[in-house]
Amino acid sequence: MKHDFDVIVVGGGHAGADAAHAAARMGARTALVTLTFESIGVMSCNPAIGGLGKGHLVREIDALDGVMGRVADKAGIQFRLLNRRKGPAVQGPRAQADRKIYREEMQREMRDCPNLTIVEGEAADFLMSGAEVRGVRLADGSEISASAVVLTTGTFLRGLIHIGQVSRPGGRMGDKPSVKLAERIDQFGLPLGRLKTGTPPRLDGTTIDWSDLEVQPGDDDPTLFSFLSSKVSAQQISCGITHTNEQTHEIIEKNIGKSAMYSGRIEGVGPRYCPSIEDKIVRFAEKSSHQVFLEPESLSDNVIYPNGISTSLPEDIQHDYVRSIKGLENVTILQPGYAIEYDYVDSRALDSRLAVRDVPGLFLAGQINGTTGYEEAAAQGLVAGLNAAAVALGRDPITFSRSNSYIGVMVDDLITRGVSEPYRMFTSRAEFRLSLRADNADQRLTPLGIEVGCVGAERKQAFEAKMSALAEARQDMESVVFTPKELVTAGHAVNQDGKRRNGYELLALQQFDFDALVALRPEWGAIDEASRDQLSKDAMYANYILRQERDVAVLKRDEQQRIPTDFDYMAMEGLSNELKMKLNAARPDNIGQAGRIDGMTPAALTLLLAKVRQSR
Ligand code: FAD
């Protein structure tokens with residue numbers, strides 16, 4: 001049957017934009033159905049992209065030619081590399097973005113993308129062919145058919161906004177929730193839960209007294225997200241820093257019972273790593289002050305985002321506590337802070353393509369899967385978009401491993417463990433983080449992107465040119481060998497172990513930076529700046545990565561031990577009922593995933609492996 005489109009993506013937030021673009025890049029005829037064109041690329045909360053762990057995700061999206069990184073580079077008004085003093089493996093690029101430029105650039109990317117059609121409307125129902133999803137019905141009754149549908153509705157499913165004692169339905173401030181779609185999802189029998197998140201009040205920057213506040217500038221040498229970007233586009237700005245104080249805490253403590261969260265009005269679990277100011281004051285009662293970053297939201301208006309004081313207190317209390325903070329004594333609140341509760345789907349119902357296992361043709365990505373953050377959403381959008389296109393075009397699934405990407409780590413965490421609180425990325429979640437660095441995301445993933453067909457000609461060319469410059473420089477460095485004696489004569493204190501080392505091996509030693517090597521061999525001065533930087537980072541980790549290889553090989557072996565999708569865990573003898581139920585709920589694709597299910601023991605895994613082999 002001929003469908004209107006190959007792929008439909010519902011929702012034009014961060015997951016939806018990268019999902020739709022990815023599907024279209026694969027050559028699938030794609031429709032992006034979203035409430036309004038204007039809402040594409042809206043940042044619901046903080047105007048910033050990247051950060052620790054999250055910056056890695058953005059680089060990986062970019063390595064596969066996704067949109068988030070290059071849009072953030074165009075919109076960035078302050079770039080900072082977090083953890084700059086630590087090793088490159090845990091450094092996180094972050095940019096504060098001009099909200100308006102981000103939205104405009106994202107909308108331009110969507111408008112200019114070949115194979116992509118934008119449809120304004122509310123998806124209210126699915127078109128079904130038996131048990132399979134084959135399109136969507138809009139609230140105005142029109143129907144659009146497709147081979148696969150990716151749902152990325154964020155916080156909109158039965159969204160409920162809370163400000164103090166007032167609660168009202170809403171997908172986010174100013175938007176209606178998606179109720180009809182939530183009811184339809186109920187009928188699929190998917191496991192649903194409730195989560196919450198919150199945002200601070202927005203302030204009028206012209207009413208802030210900046211004169212005595214600390215200033216935080218960006219980096220002098222901005223670290224951009226996209227491997228294709230070479231310079232910042234927008235004017236760069238500084239942020240202000242202020243602090244809550246004893247008076248602020250007193251006001252909040254006195255009124256804590258009026259907070260939506262502490263008066264029992266909210267049942268959903270909030271993000272542990274992004275607590276509200278009420279949470280901070282209750283949980284860290286010993287602290288008399290918390291830092292607040294005053295971040296301009298745009299070059300073209302005066303709205304300030306006070307990072308660190310999200311709240312669900314009533315408006316008048318917000319007014320009082322905000323005005324108790326230094327610099328904010330006369331501030332005008334432009335929009336109150338609020339909390340939002342929404343439905344999410346237990347991500348253990350998904351497979352590693354982010355397809356719903358029991359509902360063929362349906363993929364889920366973004367906050368709907370229990371994650372928090374723009375970057376987590378966009379990375380999932382990419383995975384779901386690529387795979388929805390693969391289904392529609394009859395191609396092989398495109399999956400990611402914990403050994404090649406943070407994307408793989410996140411998807412694996414979601415589908416094997418599910419979430420009990422909003423999931424955000426951290427470098428500590430990746431066991432192979434020395435090899436999964438932000439700086440080498442292109443080396444890890446662009447070849448895969450070229451192979452599956454989601455990387456365009458410009459990136460392919462730039463990547464191949466970079467790799468050939470790197471290979472040439474590395475070969476040159478490996479071809480010249482130094483004895484310890486030569487090095488000592490040149491003034492370097494090296495081990496007298498008799499070991500001869502080539503130029504690349506010397507780069508791995510702490511006392512040799514590139515300039516020291518150029519002093520040894522002036523011809524290496526001709527190696528370009530970008531190659532020097534990349535070779536230095538690659539060399540620094542080369543020995544650790546060699547040591548990791550055995551663990552990576554074990555993981556890959558386990559990933560190759562596939563478990564049939566219809567494997568009957570409940571009939572397995574020798575397993576506890578609890579484990580049977582956990583395995584049955586998660587239905588892992590392979591032995592590696594089964595091993596990471598909460599409570600799985602080595603004995604149970606050996607038994608499972610034996611049964612899987614017998615069943616073949
Ligand atoms: P969204 O960006 O929400 O996009 C959903 C899209 O779907 C929207 O474009 C909407 O118009 C569209 N849509 C919804 N229903 C339909 C329908 N039926 N038909 C058609 N289109 C539809 N993240 C953090 O990391 N830290 C925070 O502190 C934080 N605080 C937040 C505070 C608030 C109040 C909110 C609302 C979000 C917050 N977030 C925070 C989360 C962050 O905004 C999300 O993680 C991110 O936007 C998720 O992206 P998404 O694409 O999944 O959903």
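1. Quick bit of vocabulary before the ligand: a residue counts as near a molecule if its C-beta atom, placed from the backbone, lies within 6 Å of it. Keep in mind too that this is a predicted model. With that in hand, there are 36 residues around the ligand, and those that come nearest are Gly11, Gly13, Gly154, Gly366 and Gly373.

2. What is the shell made of? By residue type, the shell around the ligand divides into 22 polar, twelve nonpolar and two charged residues. If you want to find parts of it by element, look at helix 1 (14-25), strand 2 (30-34), strand 12 (192-199) and helix 9 (374-393): each of them supplies at least two shell residues.

3. Now the nonpolar cores. The largest has 123 residues, and the members touching the most others are Val7, Ile8, Ala23, Val149, Val150 and Phe363. Which helix gives the most to this core? That would be helix 9, with twelve residues, and helix 9 also turned up in the ligand shell. Another core lies apart from the largest one; it has 17 residues, including Leu203, Ile252, Tyr321 and Ile325. As background, nonpolar side chains tend to be buried together in soluble globular proteins.

4. Valine 7 is worth clicking on. Leaving out residues up to four places away in sequence, valine 7 touches Ala23, Ala28 and Thr30, then Ala146, Ser147, Ala148 and Val150, and finally Ala388, Ala389 and Ala392.

5. Next, a sheet. Four strands make an open sheet with antiparallel pairing, in the order 11-10-19-12. Strand 11 (166-169) and strand 12 sit at the edges with a single partner strand each, so one side of each has no neighbour in the sheet. From one strand to the next, the twist averages 25 degrees.

6. Zooming in on that sheet, strand 10 (residues 160-163) pairs with strand 19 (residues 338-345) in the antiparallel sense, over three bridges. Which residue of strand 19 is the bridge partner of leucine 160? Look for glutamate 341.

7. Last stop: alanine 604, found in helix 19 (residues 602-615). Buried or exposed? Alanine 604 has 20 other C-beta atoms within 10 Å, and a residue is buried if 20 or more lie within that distance, so alanine 604 is buried. Not counting residues up to four places away in sequence, alanine 604 touches Leu575 and Leu579. For a sense of scale, alanine 604 and lysine 180 are 424 residues apart in sequence, and their C-alpha atoms are 42 Å apart in space.

Conventions
Residues numbered from 1 in each chain as written. Predicted model: local features only at pLDDT ≥ 70, side-chain atom pairs only at ≥ 80, totals over all residues. Nonpolar A, V, L, I, M, F, W, Y, C, P; charged D, E, K, R; others polar. Core = buried A, V, L, I, M, F, W, Y, C linked by C-beta atoms within 7 Å. Buried ≥ 20, exposed ≤ 12 C-beta atoms within 10 Å, placed from the backbone. Contact = placed C-beta atoms within 7 Å. Pairing = 2+ DSSP bridges. Axes fitted to C-alpha atoms, helices over the stretch in contact; angles between N-to-C directions.
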